[in-house]
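Reader: I like to understand one part of a protein properly before I plan anything around it. Please pick one stretch, walk me through what surrounds it, and then show me where the metal and the cysteines come in.

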Amino acid sequence: MIIVMQEGASRREIEDVEREIVEMGYKPHPIYGVERTVIGAIGDERGKALLQQLETSPGVERVIPILKPYKLAGRELKKEKTKIEVGPGVIFGGKMVPVIAGPCSVEGLDQICETADAVKKAGAKALRGGAYKPRTSPYSFQGLEEDGLKMLAEAKARTGLPIVTEIMKESVLDLIVQYTDVLQIGARNTQNFDLLKAVGQTNTPVLLKRGIATTIKEWLMSAEYVMSQGNMNVILCERGIRTFETATRNTLDLSVIPVLKHETHLPVVIDPSHGTGHWQYVEDMALAAVAAGADGLMIEVHPNPHEAWSDGGQSLTPATFEKLMKRMKLVAEAVGREI
Ligand code: PEP
Ligand code: MN
């Protein structure tokens, strides 16, 4: 339920309502707007009638139900877009369209530093690199783990780029949080609800990828899992879904951009690398994503894609990435954004 406070309701009245919400067994989630404050009461749907009684509390204007199942992620409770700062001045959800770039996997200190230098020079605002890799085959390279995290930290120290890296299991959460600025939940874990709850208990922003076969509604419910634990900093990342098409690795669903803008206040990032699976198609889809209103991009870049330990076929070289960035700046300008 949403408790809409009267314009000019006092701090005391707001606090009293919050306390009443807690006493009724709900979690209050206040949003202090310019004109008025609204308080979300989040919890078991069965107690709706109880919450309705708050309409008679001092300072309350009205109590209205939240119709969508994603209470915190939805637009009903919060109309303004959420801005998420992942590093100094690197904000998702504002005018800027930050680009996260880097290799699929961290393979060594030289590889990650060389890539970091190159993507920074081309205008990327964050560095990606997997240290824990979700590979289809157990015989494929699984990631450098803690050593990889240390290398990411060195690349950050050298370039100042904030880090985005994937977490696959809760047992290494405390470790990864020490090294990363954004926790990536990969497509294979979009509905790993225990993992979502665990990252929801941190303050680190979460990049939540869309699952290989999750609907937008299911994806938003996954965001809700994270937010229900207190971490409101969720960035959604479309990376393609599985369809009957085989010419591309996945089908990059750019229609999520307008749909999500309608449904949620959370920023939306597009990953055309996993979305297409072929480096030749990445640039066009990246440009299309910016034109359609994406709040950020995630692009795989490797100094030598032929020798990459994972996802070489979809990785750009530093040179092709630089070319893409130049064109993308023009598209961003045309739609009133900046890269
Ligand atoms: C990745 O970002 O390298 C990755 C494994 O992505 P996804 O979870 O989208 O497959
Ligand atoms: Mn990859």
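**A strand with two parallel partners**

Author: Let's start with strand β10 (residues 182-185), which pairs with β11 in the parallel sense over three bridges. Pairing here takes at least two DSSP bridges between two strands, while strands (E, at least two residues) and helices (H or I, at least four) are DSSP runs numbered from the N terminus. Please keep in mind that this is a predicted model, in which local features need pLDDT of at least 70 and side-chain atom pairs pLDDT 80 or more, while totals for chains, interfaces and linings use all residues. Residues count from 1 along each chain as written, chains are lettered from A and ligands numbered from 1 in written order, and side-chain values use heavy atoms, without hydrogens or water.

Back to the strands. L183 has V206 of β11 as its bridge partner. The path from β10 to β11 (residues 206-209) goes over helix α6 (residues 193-200), and together these three elements make a right-handed β-α-β unit. Right-handed means that, with the strands pointing away from the viewer, the path from the first strand over the helix to the second runs clockwise.

The arrangement continues on the far side of that unit. β11 also pairs with strand β12 (residues 234-238), again in the parallel sense, this time over four bridges. Within this pair, L208 stands opposite L236 of β12. Helix α7 (residues 216-228) joins β11 and β12 in another right-handed β-α-β unit.

How are the two faces of β11 covered? V206 and L208 lie on one side, L207 and K209 on the other, and every one of these four is buried. Buried means under 20% relative accessible area, exposed over 50%, and partly exposed in between (1.4 Å probe, protein chains only). If you are looking at the sequence, K209 may catch your eye, since this lysine is listed among the buried residues of β11.

Now move on to β12, where you will find V234. With 0% relative accessibility, V234 counts as buried. The contacts of V234 show what surrounds this residue: leaving aside residues up to four places away in sequence, V234 touches I84, V206, L208, A223, V226, M227, L266 and P267. Contact here means heavy atoms within 4.5 Å. Two of these partners, V206 and L208, share one side of β11. V234 and P205 are 29 residues apart in sequence, yet their C-alpha atoms are 5.9 Å apart in space.

The cysteines come next, and C237 is a good link to them. C237 counts as buried, at 0% relative accessibility. There are zero disulfides in the structure, a disulfide being a pair of cysteine sulfur atoms within 2.5 Å. C237 is in none, and the nearest cysteine sulfur, that of C104, is 13 Å away. C113 is in a similar position: the closest cysteine sulfur, again in C104, is 18 Å off, which is too far for a bond. C113 is buried too, at 8% relative accessibility.

So what does C104 do with its sulfur? The SG atom of C104 helps to coordinate the manganese ion (ligand 2), alongside NE2 of H274, an OE atom of E300 and an OD atom of D311, at 2.0 to 2.4 Å. C104 lies in the loop between β7 (99-102) and α3 (109-122), and D311 in the loop between β14 (296-300) and α11 (318-334), so this pair ties together parts that are 207 residues apart in sequence. Donors are N, O and S atoms within 2.8 Å of the metal (3.2 Å for Na, K and Ca); water is not among the atoms, so sites may look incomplete. Along the chain, the spacing of the manganese donors reads C-x169-H-x25-E-x10-D. C104 counts as buried, with a relative accessibility of 3%.

D311 deserves a second look for its backbone: its phi is positive, about 55 degrees, although D311 is not a glycine. E145 has a positive phi of about 55 degrees as well, and is likewise not a glycine. Their settings can be told apart on your screen: E145 sits in helix α4 (residues 145-159), whereas D311 belongs to the loop between β14 and α11. At 38% relative accessibility, E145 counts as partly exposed.
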